[in-house]
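Here are some exercises to work through with the structure beside you. Try each task on your own, then follow the solution step by step.

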Amino acid sequence: MQPRTPLVVCVLLSQVLLLTSAEDLDCTPGFQQKVFHINQPAEFIEDQSILNLTFSDCKGNNKLRYEVSNPYFKVNSDGGLVALRNITAVGRTLFIHARTPHAEDMAELVIVGGKDIQGSLQDIFKFARTSPVPRQKRSIVVSPILIPENQRQPFPRDVGKVVDSDRPEGSKFRLTGKGVDQEPKGIFRINENTGSVSVTRSLDREMIATYQLFVETTDVNGKTLEGPVPLEVIVIDQNDNRPIFREGPYVGHVMEGSPTGTTVMRMTAIDADDPATDNALLRYNIRQQTPDKPSPNMFYIDPEKGDIVTVVSPALLDRETLENPKYELIIEAQDMAGLDVGLTGTATATIVIDDKNDHSPKFTKKEFQATVEEGAVGVIVNLTVEDKDDPTTGAWRAAYTIINGNPGQSFEIHTNPQTNEGMLSVVKPLDYEISAFHTLLIKVENEDPLVPDVSYGPSSTATVHITVLDVNEGPVFYPDPMMVTRRENISVGSVLLTVNATDPDSLQHQTIRYSVYKDPAGWLNINPINGTVDTTAVLDRESPFVHNSVYTALFLAIDSGDPPATGTGTLLITLEDVNDNAPFIYPTVAEVCDDAKNLSFVILGASDKDLHPNTDPFKFEIHKQTVPDKVWKISKINNTHALVSLLQNLNKANYNLPIMVTDSGKPPMTNVTDLRVQVCSCRNSKVDCNAAGALHASVPALLLLCLFSLACL
């Protein structure tokens, strides 16, 4: 059987990746011819021309370089392909790759009759993304198809061709895979008769970088004769994506006085193009600095890393002398390694010169004056300071301390957070008569410590002279309150005490007069000259104006100043109890049954306004019961209650029973009160106390209620 001529999928690149946005359609960058066929010679002779290649990047071919897939061949500057030594076996295909900064393309030399040699396009051109199928002992041999992205109309256009001079008659080519019969469908197709592979639309490498297709031959019935063989389609990157800064806003901080070369921040942009090409190789530079003082070049950016560093001396990086401690830099990232043809993207970097505490606060003057009335409290003076540091930091905020002249802790000083002033306050009232002048020594520091080479000087302390103004103060009672104890019912005109009030204004020699301010019961009088307090009425401990046996009155002491000042004193009179209140009974009205057998009785209680021992135990008696056969009987239940019982049956009527109750005071007091007893008819456990037959609670119920009341006493 005659051996079949091998099938070779030939790459026919119709357009290369432009590294610029080419607008000139009259020139198509790349090889003018992309596929060559030669017969396998007996030997390739050293330096003998094999064929001539023509490549143009439409920009003058500056820095044109060629690479050949076999290391024993090279392309001269005139485009001639030659062998570097005498060689026989080189394989069935040679690839020639041409590249300039503006364009690149690939051509293929098919050696008819050549023998397979193991190899791959990755080994040939060091493309990390390319992994062609190794050559094996089979009839279908494939090589990658390279197609630039963003091709323009017309479509479809041929990008490769299957060559087979000994293909069986009637056999057909079939192409499958993602991009053909799998999504995205219809991008590639093959002419089943000629083997030409074509693309139907523009490709986007950033969407899909490679397509894995499969080529096979079939008979007229669609049965596979050979294959499928993998076919890789590689989308060649075009510089169609600008660098983008995505992590903004970009804000960096650097301390004032930092050494030259201090790193401030890093700016990083990304480029969606192929990272293995210069299309995504970025370089950084500073396009603009605002403000441009004191130097238009305060900072430098590493073109490869994007690190922004200081380039001026520490003396120029002084926040207090800068026009503005914040700089804005326009940073540009450019692909194509920074060549002019590269695309650019920009972002703004804000750099803040941070403050350090290299300036101590200073008082605006060495001495401050203040006046305050005696007895007053509050802020008396604001101490002002200057500090050149940043007002938003602890290097500017002041902290004040009183270091001398405040033994009684009468003064305090606090910082006003808005103005940074020291607010000196009186917190304990001052007394002019004790001291009319005060002198304070105050120091000021920052919240943050000073840098090592800066210290607090004499201007960080100040003296405050305070003058106390004399005020006419009201007289003061001593003691206050004043307390006395007296028995109630003492005779009118009895002297209780003599009050004592003094005038704090000892230097003014004023006189004092007294008067009654509040006397709720109207019992008291005070001598306006000497302050003697006596009674004008009987003192009654049981008065509603007395609370817990204490009567409260207020007096005024008025000096002779202009205007006069007044002081108030309190008198507390504790009243001792006297047995001056007779006890009284309750209730004074009761109901009983006419039949003594019904347990007819009345429970009486007694109370007394006096205090123990002038109250209970009480003695209960029926007063003036002189009839031979006594009808009523009274008996003691406890110290405060007695039981009045009906001993004989009585007619239904109202009776007055005089009850005498005596307390335990010495001497005791007695009170006689009539108990009005209503005798009612009690039948069938019902009580009828009037002719109309009104019904009342039953007798047993009354009994239970009375017993319960006693139990609670």
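## Exercise 1: A strand with two faces

Strand β30 (residues 398–404) and β33 pair in the antiparallel sense over six bridges. This is a predicted model, in which local features need pLDDT of at least 70 and side-chain atom pairs count only at pLDDT 80 or more, while totals for chains, interfaces and linings use all residues. Residues are numbered from 1 along each chain as its sequence is written, and side-chain values use heavy atoms, with hydrogens and water left out.

**Task.** Find the strands that pair with β33, then work out which of its side chains are buried.

**Solution.**

Step 1. Recall what a strand is: helices (H or I, at least four residues) and strands (E, at least two) are DSSP runs, numbered from the N terminus. Two strands pair if DSSP finds at least two bridges between them.

Step 2. Look at the β30 side, where Ala399 has Glu445 of β33 as its bridge partner.

Step 3. Now turn to β34, which runs antiparallel to β33 and is joined to it by seven bridges. Here Lys443 stands opposite Thr461 of β34.

Step 4. Sort the side chains of β33 (residues 437–446) by face. In a regular strand the side chains alternate between the two faces of the sheet. His438, Leu440, Ile442, Val444 and Asn446 point to one face and are buried; buried means under 20% relative accessible area, exposed over 50%, and partly exposed in between (1.4 Å probe, protein chains only). Phe437, Thr439, Leu441, Lys443 and Glu445 point to the other face and are not buried.

## Exercise 2: A three-strand sheet

**Task.** In the open sheet of three strands, which strands stand at the edges?

**Solution.**

Step 1. Write down the order, which is β4-β8-β7, with antiparallel pairing.

Step 2. Read off the edges: β4 (49–52) and β7 (73–75) each have a single partner strand, so one side of each is left without a neighbour in the sheet.

Step 3. Add the twist, which averages 20° from one strand to the next. For such angles, axes are lines fitted to C-alpha atoms (for helices over the stretch in contact), and angles run from 0 to 180 degrees between N-to-C directions.

Step 4. Check one pairing: β4 and β8 (residues 80–83) are joined by three bridges, and Asn52 has Gly80 in β8 as its bridge partner.

## Exercise 3: A buried aspartate

**Task.** Describe the surroundings of Asp358, and find the nearest side chain of opposite charge.

**Solution.**

Step 1. Locate Asp358 in the loop between β25 (344–354) and β26 (362–363).

Step 2. Look for a charged partner. Lys and Arg count as positive and Asp and Glu as negative; His and the chain ends are not counted. Lys356 is the nearest side chain of opposite charge, 5.6 Å away, and Asp358 is buried without a salt bridge. A salt bridge is a side-chain nitrogen of Lys or Arg within 4 Å of a carboxyl oxygen of Asp or Glu.

Step 3. Look for a polar contact (a pair of N or O atoms within 3.5 Å; within protein, one must be able to donate a hydrogen and the other to accept it, and residues adjacent in sequence count only if both atoms are side-chain atoms). The side chains of Asp358 and His359 make one, at 2.9 Å.

Step 4. List contacts, meaning heavy atoms within 4.5 Å. Leaving out residues up to four places away in sequence, Asp358 touches Glu256, Asp318, Glu320, Asp389, Val451 and Val454.

## Exercise 4: An asparagine in a loop

**Task.** Which side chain and which backbone oxygen does the side chain of Asn472 meet?

**Solution.**

Step 1. Find Asn472 in the loop between β34 (461–469) and β35 (476–477). Asn472 is partly exposed, at 23% relative accessible area.

Step 2. Identify the side chain: Gln510 makes a polar contact with Asn472 through its side chain, at 3.1 Å.

Step 3. Identify the backbone oxygen: that of Pro563 lies 2.8 Å from a polar atom of the Asn472 side chain.

Step 4. Compare sequence with space: Asn472 and Asp505 are 33 residues apart in sequence and 6.6 Å apart in space, C-alpha to C-alpha.

## Exercise 5: Less usual backbone

**Task.** Where are cis peptide bonds found, and what is phi of Asn61?

**Solution.**

Step 1. Start from the general rule. Most residues other than glycine have a negative phi, and most peptide bonds are trans.

Step 2. Note the cis bonds: one joins Gly248 and Pro249, with omega about 0°, and another joins Asp480 and Pro481, with omega about 10°.

Step 3. Place Asn61 in the loop between β5 (55–56) and β6 (65–68). Its phi is near 55°, a positive value in a residue other than glycine.
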